[in-house]
Amino acid sequence: MKKNDFILAGIVLSAAFFLFLLQKSAHFSDGQGVVAVYREKEQIAVYPLQQDREEVFRSSGGGTNRLVIHDGEAWIEDADCPDGLCMKQGKISAQGEAVTCLPHRLTVVVEGGEKSGIDAVVR
């Protein structure tokens, strides 16, 4: 091998290392999702998915939903709607996942987080 071969190999390895670091930094920034809360079509709150908290939302009809965010997951823990389906929808953590309470017209959506890799979930 000649001197130019070593220089070329060094450049290729440096470029590969740089691209590897760039990919890793993009992956970590994707994981910083937020939980957006909508009433009808209006966004009423946004919370970091990585920050533990509990919030209570009151509907115009007097109903309440308690949202819990813990360990990077969000769910409706308590609701006084007649069917309680929003509590049965489970925990959400991946981008695009949502929990909806139709009687209270409340929707909780994960935005900007990691992609789930799943096209659909049937429960």
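So, to kick off: among contacts in the protein chain between residues at least 6 apart in sequence, what percentage join residues at least 24 apart? The answer here is 29%. Keep in mind that what we have up on the screen is a predicted model.

Let me give you the overview. The protein chain has 123 residues, and 29% of them count as buried. About 8500 Å² of the chain is exposed, with carbon and sulfur atoms supplying 55% of that area. As for the elements, we've got two helices and seven strands. If you walk along from the N terminus, the order goes α-β-β-β-β-β-α-β-β.

Okay, now the part I'd like to spend time on, the sheet. It's an open sheet with three strands, in the order S3-S4-S5, and the pairing is antiparallel. Strand S3, which is 53–58, and strand S5, which is 73–79, sit at the edges with a single partner strand each, so each of them has one side left without a neighbour in the sheet. On average, and ignoring direction, neighbouring strands here are turned by 25° against each other.

Let's go through the pairs, starting with S3 and S4. S4 covers residues 64–70, and six bridges join it to S3, with the two running antiparallel. If you want to find that pairing on the screen, look for glutamate 55, which stands opposite leucine 67 in S4. Another spot to look at is phenylalanine 57, with asparagine 65 of S4 opposite. S3 and S4 also form a hairpin, and there are five residues between them. In that turn you'll see glycine 62, which has a positive phi of about 100°.

Next, S4 and S5. They pair across six bridges, in the antiparallel sense. Here the place to look is histidine 70, whose bridge partner in S5 is glutamate 73. This hairpin has two residues between the strands, and aspartate 71 takes a positive phi near 55°.

One last thing about S4, then. Is it mostly covered or mostly open? Mostly covered: of its seven residues, five are buried. And remember where S4 sits, with S3 and S5 on either side in the order S3-S4-S5.

That's the tour: a chain of two helices and seven strands, and in it an open, antiparallel sheet of three strands. Happy to turn the model around if anyone wants another look.

Technical notes
Residues are numbered from 1 along each chain as its sequence is written. This is a predicted model: local features need pLDDT of at least 70, side-chain atom pairs count only at pLDDT 80 or more; totals for chains, interfaces and linings use all residues. Side-chain values use heavy atoms; hydrogens and water are left out. Two strands pair if DSSP finds at least two bridges between them. Helices (H or I, at least four residues) and strands (E, at least two) are DSSP runs, numbered from the N terminus. Axes are lines fitted to C-alpha atoms, for helices over the stretch in contact, and angles run from 0 to 180 degrees between N-to-C directions. Buried means under 20% relative accessible area, exposed over 50%, partly exposed in between (1.4 Å probe, protein chains only). Contact means heavy atoms within 4.5 Å. Accessible areas come from the Shrake-Rupley method with a 1.4 Å probe; for residues, only the protein chains shown count as cover.
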